[in-house]
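User: I'm new to this structure and would like a close look at one part of it. Could you pick a good starting point and then lead me outward from there?

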Amino acid sequence: MQIILEAEGLSKTYGEKTALNALHLKLSKGEIFSLLGPNGAGKSTTINLFLGFIQPSAGAARINGVDASKDPVGVKQHLAYIPEQVMLYQNLSGRENLSLLSALAGFEYSQSALDQFLVEAGLQADAINKRVGSYSKGMRQKVGIAAAVAKNAKVLLLDEPTSGLDPKASNEFSELLLRLSAAGTTIFMATHDIFRAREVSQRIGIMKAGSLIDEINAAKLNAGELEQLYLDYMKG
Ligand SMILES: Nc1ncnc2c1ncn2[C@@H]1O[C@H](COP(=O)(O)OP(=O)(O)OP(=O)(O)O)[C@@H](O)[C@H]1O
């Protein structure tokens, strides 16, 4: 099994506050892992450590063997990050944004190649040339996914990707993740969306107050059972 994303005793403290407590996690190639947890549980902290945006207090976050805290530039070559709101230039088209994002990652593509990435990410062909300022949240995310594919990212880090999406857009997004996973992309998603997490993930982690308190095989529970388990954990 090829391990692509690994947290080893990964911890982050801010003064007295433990934002992340000794996280151990290994994701293999093509795996989708979702992290559930209430606000403040440590999900974004985990993602920020993998991005090399913050330094761990202990342990390591590695992507494809590269330690994010020691080589934050190197680690970014292997991953793409899709935040809740994908940041794009409002006055440029989807195609122009993708061209720019690809260039920043060191790739240059023809117009037809750019369009193909966008269409494969699910963007309607007639939207490609329109200003991103007119795009819905789901359309912006498709540009983000196209950028991830265009830079050949081995890992996708997603922070609450389906919040605020309508059910159709959310369903399309799930299908896109499943396609990327089948093509070998490893996906780590922090989410509040229990239903989608169960639908796409092989494993689901439950995080509370900085600790990963359970790891669930998604195939073993239906959505209702998963929600009940989550609520039970949050009571205690
Ligand atoms: N720069 C910081 N300084 C002090 N405390 C911080 C800092 N960043 C995060 N924290 C604390 O660390 C804890 C974990 O925060 P984190 O943002 O990782 O939670 P989260 O699970 O992503 O929550 P949400 O679902 O709201 O995004 C919280 O208690 C938060 O207040």
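Analyst: Let's start just after helix 3, where G106 takes a positive phi of about 90°. Helices (H or I, at least four residues) and strands (E, at least two) are DSSP runs, numbered from the N terminus. This is a predicted model, in which local features need pLDDT of at least 70, side-chain atom pairs count only at pLDDT 80 or more, and totals for chains, interfaces and linings use all residues. Residues are numbered from 1 along each chain as its sequence is written.

Now step back from G106 into helix 3 itself, which covers residues 94-104. Its buried residues are G94, R95, N97, L98, S99 and L101. Here "buried" means that 20 or more other C-beta atoms lie within 10 Å of a residue's own, "exposed" means 12 or fewer, and "partly exposed" is in between, with C-beta atoms placed from the backbone. Helix 4 (111-120) and helix 5 (137-150) are among the elements covering these buried residues.

L98 is a good residue to follow further. Leaving out residues up to four places away in sequence, L98 touches L114, F117, L118, V143, A146, A147 and A150; a contact needs C-beta atoms, placed from the backbone, within 7 Å. L98 is also a member of the largest nonpolar core, which has 66 residues. Such a core is a set of buried Ala, Val, Leu, Ile, Met, Phe, Trp, Tyr and Cys residues joined through C-beta atoms within 7 Å. The members touching the most other members are L98, L118, V143, A146, V155 and L156. Helix 5 gives the most to this core, with eight residues.

From the helices we can move to a sheet. Four strands make an open sheet in the order 2-1-4-5, with antiparallel pairing. Strand 2 and strand 5 stand at its edges with a single partner strand each, so one side of each has no neighbour in the sheet. Strands pair here if DSSP finds at least two bridges between them. Strand 1 (residues 3-14) meets strand 4 (residues 58-63) over five bridges, in the antiparallel sense, and A7 has A61 as its bridge partner in strand 4. Strand 4 in turn runs antiparallel to strand 5 (residues 66-67), joined by two bridges, with I63 opposite V66. These two strands form a hairpin with two residues between them, and in that turn N64 has a positive phi of about 50°.

Most residues other than glycine have a negative phi. Two more exceptions can be found elsewhere. A22, in strand 2, has a phi near 45°, and A22 counts as partly exposed because it has 15 C-beta neighbours inside 10 Å. E160 has a positive phi of about 50° and sits in the loop between strand 7 (155-159) and helix 6 (167-182). With 17 C-beta neighbours inside 10 Å, E160 is partly exposed too.

Strand 2 (17-28) also brings us to the ligand, since strand 2 and helix 1 (43-50) each supply at least two residues of the shell around the ligand. The surrounding residues are Y14, K17, A19, G37, N39, G40, A41, G42, K43, S44 and T45, where each C-beta atom, placed from the backbone, lies within 6 Å of the ligand. Helix 1 gives the most, with three residues.

Our last stop is around strand 3 (32-36). E31 lies in the loop between strand 2 and strand 3 and is partly exposed, with 19 C-beta neighbours inside 10 Å. Beyond its neighbours within four places in sequence, E31 is in contact with T186 and Q202. F33, in strand 3, is buried, with 23 C-beta neighbours inside 10 Å. Not counting residues up to four places away in sequence, F33 touches L27, F188, S201, R203 and G205. The C-alpha atoms of F33 and I216 are separated by 9.9 Å, although the two are 183 residues apart along the chain.

Definitions and conventions:
Contact = placed C-beta atoms within 7 Å.
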